[in-house]
Amino acid sequence: MRWSTFLGGAGREVVRDAAVDASGVYVVTTGVERPAPYIPATALQPRLTGASDAAVAKLRVDGRGIVWATYLGGSGHDGGGPSIRVDG
């Protein structure tokens, strides 16, 4: 293992899936019910829009920070089971 980190907030979110390529590590969390501290105000979807959303983030390949992050979801419980894949 080269590095590890914590990605989450004050809720019960869990990491659902992860993928790696040469430019970074992509992580999907589910069960996001409270604002997550790693989602910036400049995100594509900067606010929770339902009772439970998912979130996706790209971390630097060296583990030293988040490149971008956003919520994924609509007005319902939308954090059920997304996966992520990357392609060179």
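**Notebook: strand pairing and one aromatic pair**

I began with strand E1, residues 14–21, and found that seven bridges join E1 to E2 and that the two strands run antiparallel. I note at the outset that this is a predicted model, so what I write here describes that model.

I then looked up how the chain passes from E1 to E2, and the connection is a hairpin of two residues. For a reference point within this pairing I took Val-20, which stands opposite Val-25 in E2.

Next I turned to the other neighbour of E2. Strand E3, residues 53–60, pairs with E2 over seven bridges, again in the antiparallel sense. Two bridge partners helped me to keep the register: Thr-29 is matched with Ala-55 in E3, and Val-32 has Asp-53 in E3 as its partner.

With these pairings in hand I wrote down the whole sheet, which is open, has four strands in the order E1-E2-E3-E4, and is paired antiparallel. The edges are formed by E1 and E4, each of which pairs on one side only. From one strand to the next, the twist averages 15°. As a reminder to myself, strands of a sheet pair through backbone hydrogen bonds, and the pairing may be parallel or antiparallel.

I also asked how many residues of E2 are buried. The strand is mostly covered, with nine of its nine residues buried.

My last search was for aromatic pairs, and the count came to one. The partners are Tyr-26 and Trp-68, whose ring centres are 6.3 Å apart, within the 6.5 Å limit for a pair. Their planes meet at 55°, and the pair is therefore tilted, since an angle under 30 degrees would have counted as stacked and one over 60 as edge-to-face.

Where do Tyr-26 and Trp-68 sit in the chain? I placed Tyr-26 in strand E2, residues 24–32, and Trp-68 in strand E4, residues 66–72, so that the pair links distant parts of the chain, 42 residues apart.

Finally I checked whether each partner is buried or partly exposed. Tyr-26 has a relative accessibility of 10% and therefore counts as buried, the cut-off being under 20%. Trp-68, at 36% relative accessibility, counts as partly exposed, because that class lies between the buried cut-off and the exposed one, which is over 50%.

Methods. Residues numbered from 1 in each chain as written. Predicted model: local features only at pLDDT ≥ 70, side-chain atom pairs only at ≥ 80, totals over all residues. Heavy atoms only, no water. Phe/Tyr/Trp six-rings, centres within 6.5 Å; stacked < 30°, edge-to-face > 60°. Buried < 20%, exposed > 50% of the residue type's maximum accessible area, 1.4 Å probe, protein only. Pairing = 2+ DSSP bridges. Axes fitted to C-alpha atoms, helices over the stretch in contact; angles between N-to-C directions.
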